[in-house]
Amino acid sequence: MTHRARWAATSFTSLTALACLIIVAVVAIILGNIAIHGVDRLGLDFLTRSPEHGVTQGGIFPAIFGTVALVILMTIAVIPLGVATAVYMHEYAAKDSPLVWLVRLAIQNLAGVPAIVFGLFGVGFFIQFVGHGIDNILYGGELHYGKPAILWASLTMALLTLPTVVVATEEALRAVPQSYREVAYSLGATRWQMIRKVVLPQAVSGILTGGILAVSRGAGEVAPILFTGAAYLLPHLPTRLSDQFMELGYHVYVLATQSPDVEATKPILYSTVLVLLVLTFALNFTAVMIRSRIRRRLREGR
Amino acid sequence: MPTAAKIETKDLHLWYRTFHALKGIHLAIPSRGITAIIGPSGCGKSTLLRTFNRMNDLIPGARVGGDVLLDGASIYRDALSLTQLRKRVGMVFQRPNPFPLSVYENVAYGPKIHGMNDLHGRVRRSLEQTGLWSELGDRWHVSALSLPPEQQQRLCISRLLAVEPEVLLMDEPCSALDPIATARIEELMIALKSTYTIVIVTHNMQQAARVSDYAAYMLLGELVEFAETDKVFTQPADSRTEEYISGRFG
């Protein structure tokens, strides 16, 4: 090897290593910065109190409460819809059915739609069409549902996370060996009995993984709820589906851009981001753990 | 041939899309006893077996012509309940395929979906019939997948017996087992044949000779010969049967 070739080889190795290092460093700086600045203020007080004096003091309890309520409502909507879609596509429809092809195309496209477009869709469809429709029919035009509300925000978020749930459920259904289906049929099970007693129990942890990933995505997205239900600052917690709510991601945006006193808000901002990160990391971690356990069990079961 | 047929096929044809897999089978399987269907790979013996409980319905592109009668009534008639048919005509598969549940839950599965009473007694009796009850003792709550293959296969038979079938279809039930395990399954089949009509598909000639009372020889989708097993093996009526059982091909 010539001196020149050796030099080129070494320098290229260093460059690739450097590229990796940059990524690690960026992540470390972001997380470290947030952790160091955010941990000071973090405490029971911060987690259980409402914002005070504008947003310059107090805690973030309403935002945590709102986030939890949002993802619970979203889950209630997205899991049945997503699981039913996947079960239909994988268990009922013929493999070459044009309907399945269409649904799959729609889901793939849904996964590629920018989050802000979901937000606008939520306003146009849920609030102006469905909400106003309900108000006109049930309340004689009096305003109840034709305005931003936690219900509409949750449903919008459910649409955003629908592809995640459908794809995860289909993957889980695919992992159930065909022989289990055959045996169930051979014992005289109907298709529904086969699905309910054999396929779904086998697929449940995979479906759960999809649900958790959806929740962690839903907890982190702001754009879909921006116009459909999230509020800047509320004196009360939401008690009805037609109420507005505060949410962690949106609260970060509010703290960063709308504070009357930037310096006073800064520590609160750091801590809020930290809470949001810990929440979504914990959810993702749980999903990964469950999934690796399923994979291990599937390998052993074969 | 003896008494009334349990299963009778009348000019039975089956196509997988364009492939003609069964070509006009006329066969009358007697009630009780063991009937073996033998023949080289791809001759259509498993396909024939799966027309008896209509498992071929699950295969896209499969089309049936002619008819199959169970106790004289067509199982391809429109009003037939598939679930009732499969409860009466059960199946044991080539590879032991218990559900990844406990031994008890495996056996209880069928009775549960059919809403049968006395679940516990039924599970116990079914396990007793295959000898698993005494072998496992109180281990009926262990995972079925932790059992050795032979016990798994007997568990699958117990799971089937629990729904009180009349016919047991066995699709090469021993091909995944060693000789000692095979012998135990064969003993079990002989013990069960006084109560059930058993139809077994096998490529193992010795096995057919050992366990079966009647034997059907199939070749390229056609039924070549059907008679008492002794007769098929000692004085085959068709020269093709003779060639096969004397090991000249297959």
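## The six-stranded sheet of chain B

Let's start with the sheet in chain B of this predicted model. Six strands build an open sheet with mixed pairing, in the order E6-E7-E8-E3-E9-E10. Its edges are strand E6 (89-92) and strand E10 (222-228), each of which pairs on one side only. On average, neighbouring strands are turned by 20° against each other, with direction ignored.

Strands of a sheet pair through backbone hydrogen bonds, either parallel or antiparallel. At one edge of the chain B sheet, E6(B) pairs with strand E7 (residues 167-171) in the parallel sense, over four bridges. Within this pair, Val92(B) has Met170(B) in E7(B) as its bridge partner.

## Strand E9 and its two neighbours

Strand E9 (residues 214-219) of chain B is a good place to pause, with six of its six residues buried. Tyr214(B), Ala216(B) and Met218(B) point one way from the strand, while Ala215(B), Tyr217(B) and Leu219(B) point the other way.

What joins E9(B) to strand E3 (residues 33-38) of chain B? Four bridges do, and these two strands run parallel. Here Ile37(B) stands opposite Ala216(B). With E10(B), by contrast, E9(B) runs antiparallel, and six bridges join the two. One position to look at is Ala215(B), whose bridge partner in E10(B) is Ala227(B).

## Two positive phi angles

The hairpin of E9(B) and E10(B) has two residues between the strands, and Leu220(B) takes a positive phi near 50° there. Most residues other than glycine have a negative phi. Leu220(B) counts as partly exposed because 14 other C-beta atoms lie within 10 Å.

Asp71(B) also has a positive phi, of about 50°, although it is not a glycine. This residue is found in the loop between strand E4 (62-70) and strand E5 (73-74) of chain B. Asp71(B) is partly exposed, with 14 other C-beta atoms within 10 Å.

## The largest nonpolar core

Which residues touch the most other members of the largest nonpolar core? Among its 138 residues, they are Ile37(B), Leu169(B), Val199(B), Tyr217(B) and Met218(B). Chain A takes part as well: its helix H6 (residues 150-174) gives the most to this core, with 15 residues.

Met218(B) is worth a closer look. Leaving aside residues up to four places away in sequence, Met218(B) touches Ile37(B), Gly39(B), Cys43(B), Gly44(B), Lys45(B), Leu48(B), Leu223(B) and Val224(B). Ile37(B), one of these contacts, belongs to the group in the core with the most contacts to other members.

## Where chain B meets chain A

Across the interface, 21 residues of chain B are in contact with 14 residues of chain A. On the chain B side, helix H2 (82-88), E6 and helix H3 (103-113) are the elements that give two or more residues. H2(B) gives the most, with four residues. By class, this side of chain B has 12 nonpolar, seven polar and two charged residues. The edge strand E6 of the sheet is thus also found among the elements at this interface.

## An exposed tyrosine in chain A

Finally, is Tyr232(A) buried or exposed? Tyr232(A) counts as exposed because there are 12 C-beta neighbours inside 10 Å. This tyrosine lies in the loop between helix H9 (223-226) and helix H10 (248-257) of chain A.

Not counting residues up to four places away in sequence, Tyr232(A) touches Val254(A) and Gln258(A). Its C-alpha atom is separated by 19 Å from that of Ile127(A), and the two residues are 105 residues apart along the chain.

How values were computed
Residues numbered from 1 in each chain as written. Chains lettered and ligands numbered in written order. Predicted model: local features only at pLDDT ≥ 70, side-chain atom pairs only at ≥ 80, totals over all residues. Pairing = 2+ DSSP bridges. Axes fitted to C-alpha atoms, helices over the stretch in contact; angles between N-to-C directions. Contact = placed C-beta atoms within 7 Å. Nonpolar A, V, L, I, M, F, W, Y, C, P; charged D, E, K, R; others polar. Buried ≥ 20, exposed ≤ 12 C-beta atoms within 10 Å, placed from the backbone. Core = buried A, V, L, I, M, F, W, Y, C linked by C-beta atoms within 7 Å.
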